[in-house]
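Please look over the chain shown here before reading on. The explanation begins with the whole fold and then turns to single places in it.

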Amino acid sequence: MKLRATAIGFTAILMWSFLALLTAASGKVPPFQLSAICFAIGSIPGLAVLVLNPARLALLKQPARVWVTGIAGLFGYHFLYFTALRNAPAVEAGLISYLWPLLIVVGSALLPGERLRWYHVTGALAGLCGTFLIVGRNGIDFDGAYAIGYGAAFLCAFTWSGYSLVTRRFDAVSTDVVTGFCLATSILSFFSHLGLEATVWPETSFEWGAVIGLGLFPVGAAFYAWDYGVKNGDIQILGAASYAAPLLSTLILTLCGFAEPSWRIALACLFVTGGAVLAAQEMFRRKIPAQSAAAE
């Protein structure tokens with residue numbers, strides 16, 4: 001059960017790996033407008049399930065703290081991330097915001113029934129090093145003039161890690177509530193767009209296809225899979241494995257001709273893969289004896 005849930009959670013990381021490619025292919029749609037459209041699309045599968053099985057509507061009746069956590073997690077993360085990109089260089093802002101997997105691994109020590117081991121932290125740090133190689137390939141230069149952007153990026157990292165850790169405590173809450181989180185995030189993104197951006201629509205069917213793809217997968221199904229994974233799977237392994245997202249994203253961009261292959265990518269592969277395997281060694285050790293016992 002735990003291994004299956006962890007695998008489902010990892011599919012969210014795989015889907016987030018396509019975020020950069022699909023965003024690049026979506027044209028010049030402003031971020032909050034894109035967020036509003038994509039989260040609206042992302043809520044459609046959940047709404048379809050509720051329409052086909054109205055009895056599941058009762059699962060949406062949850063305490064206020066569940067709704068506040070979910071909406072603050074999804075909308076808060078994206079609002080802070082876009083704010084960071086508006087007020088700081090993308091490289092530095094991206095690297096700071098990607099502290100969230102490490103924060104999840106370290107913060108998991110506060111969760112009931114979890115124990116933080118040296119290999120969890122070492123594996124997450126190895127993934128962070130791999131991310132540094134990718135994100136900082138053209139150099140890192142932190143400038144005090146961008147303090148607001150850096151601060152937003154730090155809050156971004158703490159918001160998503162906090163959301164993931166607190167969600168773990170709501171393990172009895174059905175993943176159906178993610179539908180409501182997506183709808184609320186879409187509405188809040190829409191109002192943010194009206195107040196902060198000029199409207200720009202996709203210009204071609206190819207761009208519209210990219211927007212729909214974003215809404216169905218990285219900004220849709222991924223959040224349902226992540227919710228299920230962090231509630232029922234190994235959150236420490238998922239945290240360390242999350243560093244695979246920027247690596248896989250870069251590999252996908254390279255294969256599609258948007259980036260050039262380099263030694264940094266190969267070295268990042270070693271760091272991220274090695275870190276994930278190191279963080280997951282306890283699960284491997286549990287599985288091997290179980291298989292041996294079955295063979296006997």
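The paragraphs below go from the overall fold to one helix and then to individual residues.

The model is predicted. Its secondary structure consists of 14 helices and 0 strands. Read from the N terminus, the order of elements is α-α-α-α-α-α-α-α-α-α-α-α-α-α. The chain has a radius of gyration of 19 Å, close to the 19 Å that the globule rule gives for 296 residues, so the chain is as compact as a globular protein of that length. The C-alpha trace spans about 65 × 55 × 35 Å along its principal axes.

Several totals describe how the chain is packed and what its surface is made of. Of the 296 residues, 50% count as buried. Where contacts join residues at least 6 apart in sequence, 88% of them link residues at least 24 apart. The accessible surface of the chain amounts to about 13900 Å², and 71% of this belongs to carbon and sulfur atoms. As for charge, there are 17 positive and 14 negative side chains. The centres of these two sets lie 10 Å apart.

Helix α6 is a place to look at burial within one element. In α6, 6 of the 8 residues are buried, so this helix is largely enclosed by the rest of the structure. The buried residues of α6 are W100, P101, L102, I104, V105 and G107. Two of these names come back below: W100 is among the residues touched by W16, and V105 offers its backbone oxygen to the side chain of S108.

S108 belongs to the loop between α6 (100–107) and α7 (118–135). Is S108 buried or exposed? With a relative accessible area of 0%, S108 is buried; the cut-off for that class is under 20%. The side chain of S108 comes to 2.5 Å from the backbone oxygen of V105. Neighbours within four places in sequence set aside, S108 makes contact with E114, L116, L165, I235 and Q236.

T185 can be read alongside S108, although T185 sits in a helix, α9 (residues 177–196). T185 has 0% relative accessibility and counts as buried. Which backbone oxygen lies 2.8 Å from a polar atom of the side chain of T185? The oxygen is that of F181. Apart from residues within four places in sequence, T185 is in contact with F39, I71, L74 and F75. Of these partners, F39 falls within the range of α3 (31–52), and I71, L74 and F75 fall within that of α4 (64–87).

W16 is found in helix α1 (residues 2–16). At 13% relative accessibility, W16 counts as buried, because buried means under 20%. Residues up to four places away in sequence not counted, W16 touches W100, W160, P218, A222, F223 and W226. How far apart in space are W16 and L248, which are 232 residues apart in sequence? From C-alpha to C-alpha, W16 and L248 are 9.0 Å apart.

Y81 lies in helix α4. Its relative accessibility is 25%, and Y81 therefore counts as partly exposed. Y81 is in contact with S97 and C156, with neighbours within four places in sequence left aside. L155 provides a distance to go with this: Y81 and L155 are 74 residues apart along the chain, and their C-alpha atoms are separated by 8.7 Å.

The loop between α3 and α4 holds the remaining residues of this account. A58 lies in that loop. At 57% relative accessibility, A58 counts as exposed, since exposed means over 50%. A58 and D176 are 118 residues apart in sequence, and their C-alpha atoms are 9.9 Å apart in space. P63 also lies in the loop between α3 (31–52) and α4 (64–87). P63 is partly exposed, with a relative accessible area of 33%. Between P63 and T273 there are 39 Å in space, C-alpha to C-alpha, and the two are 210 residues apart in sequence.

Key. Residues are numbered from 1 along each chain as its sequence is written. This is a predicted model: local features need pLDDT of at least 70, side-chain atom pairs count only at pLDDT 80 or more; totals for chains, interfaces and linings use all residues. Side-chain values use heavy atoms; hydrogens and water are left out. Helices (H or I, at least four residues) and strands (E, at least two) are DSSP runs, numbered from the N terminus. Buried means under 20% relative accessible area, exposed over 50%, partly exposed in between (1.4 Å probe, protein chains only). A polar contact is a pair of N or O atoms within 3.5 Å; within protein, one must be able to donate a hydrogen and the other to accept it, and residues adjacent in sequence count only if both atoms are side-chain atoms. Contact means heavy atoms within 4.5 Å. The radius of gyration is taken over C-alpha atoms; the globule rule is 2.2 Å times the number of residues to the power 0.38. Accessible areas come from the Shrake-Rupley method with a 1.4 Å probe; for residues, only the protein chains shown count as cover. Lys and Arg count as positive and Asp and Glu as negative; His and the chain ends are not counted. The place of a charge is taken as NZ of Lys, CZ of Arg, CG of Asp or CD of Glu.
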